[in-house]
Amino acid sequence: SFDLLVKPETLENIKRIEQKHQEFKSEIQDHPKLKDVRQKGTIIALEWATEGTSYFNSIRDTLYNFFLERNIILRPLGNIVYIMPPYCISNEDLDYIYQQIKEALDQF
């Protein structure tokens, strides 16, 4: 319900996630395998530099399986990976996800 969104701890978590995403974006935005990194609030999108942008790009299955094997449920839309974490996610879990994304960038 709306009450959850206005609780002080929820608002603090939203700000914390936004800040963590901003730091991660600054760290990886110039990576040669990324075409673009976009952020809006607690959502961050990373676009792999592939031949054409398409939700049907074949890298989707590779990335999906890579993350799933590491216990991360990210469902890429083609060559774009969206991170939309729940507001209760810990910094440690976010850092783990960011690290796995860096490893994926190194591999694919």
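Begin by selecting the charged side chains of the protein chain, of which 13 are positive and 17 negative, and note that the centres of these two sets lie 4 Å apart. What is on screen is a predicted model, and the stops below go from the whole chain to its core and then to single residues.

**The whole chain**

Show the protein chain as a cartoon and follow it from the N terminus, where the order of elements reads α-α-β-β-α-β-α, made up of 4 helices and 3 strands. With the view turned along the principal axes, the C-alpha atoms fill a box of roughly 45 × 25 × 25 Å. The radius of gyration of the protein chain is 14 Å, which agrees with the value near 13 Å that a compact globule of 108 residues would have.

Switch next to a surface representation, where the protein chain exposes about 6,700 Å², with carbon and sulfur atoms supplying 51% of that area. Buried residues account for 35% of the 108 residues. If contacts are drawn between residues at least 6 apart in sequence, 56% of them join residues that are at least 24 apart.

**The nonpolar core**

In soluble globular proteins, nonpolar side chains tend to be buried together. Here, select Leu46, Trp48, Phe67, Ile83 and Ile101, the residues that touch the most other members of the largest nonpolar core, which has 23 residues. Two or more residues of this core come from each of α2 (8-28), β1 (34-40), β2 (43-48), α3 (59-69), β3 (80-83) and α4 (91-107). Colouring by element helps at this point, since the largest share of the core, 6 residues, is given by α4.

Which residues is Ile83 in contact with, leaving aside its neighbours within four places in sequence? Centre the view on Ile83 and display His21, Thr42, Ile43, Ile44, Leu46, Leu74, Ile97, Tyr98 and Ile101, which are its contacts once those neighbours are set aside.

**Helix α4: Gln100**

Move now to Gln100, which lies in helix α4. Is this residue buried or exposed? Gln100 is buried, because its relative accessible area is 7%, under the 20% cut-off that applies to buried residues. Not counting residues up to four places away in sequence, Gln100 touches Phe66, Phe67, Arg70 and Ile72, and among these Phe67 has already been selected as a core residue.

**The loop between α3 and β3: Asn71**

Select Asn71, found in the loop between α3 and β3. Its backbone deserves a look, as Asn71 has a positive phi of about 60° although it is not a glycine. Asn71 is also exposed, with a relative accessible area of 72%.

**Helix α2: Glu9 and Asn13**

Two residues of helix α2 end the tour, the first being Glu9, which has its place in that helix. Glu9 is partly exposed, with a relative accessible area of 45%. Draw a distance from the C-alpha of Glu9 to the C-alpha of Lys33: the two residues are 24 apart in sequence and 36 Å apart in space.

Asn13 lies in helix α2 as well and is partly exposed, with a relative accessible area of 24%. Which residues does Asn13 touch, not counting those up to four places away in sequence? Displaying Tyr87 and Cys88 shows the residues that Asn13 touches on that basis. A last distance, drawn from C-alpha to C-alpha, places Asn13 and Ala45 at 19 Å in space, with their positions 32 residues apart in sequence numbering.

Methods:
Residues are numbered from 1 along each chain as its sequence is written. This is a predicted model: local features need pLDDT of at least 70, side-chain atom pairs count only at pLDDT 80 or more; totals for chains, interfaces and linings use all residues. Side-chain values use heavy atoms; hydrogens and water are left out. The radius of gyration is taken over C-alpha atoms; the globule rule is 2.2 Å times the number of residues to the power 0.38. Buried means under 20% relative accessible area, exposed over 50%, partly exposed in between (1.4 Å probe, protein chains only). Contact means heavy atoms within 4.5 Å. Accessible areas come from the Shrake-Rupley method with a 1.4 Å probe; for residues, only the protein chains shown count as cover. Lys and Arg count as positive and Asp and Glu as negative; His and the chain ends are not counted. The place of a charge is taken as NZ of Lys, CZ of Arg, CG of Asp or CD of Glu. A nonpolar core is a set of buried Ala, Val, Leu, Ile, Met, Phe, Trp, Tyr and Cys residues joined through side-chain atoms within 4.5 Å.
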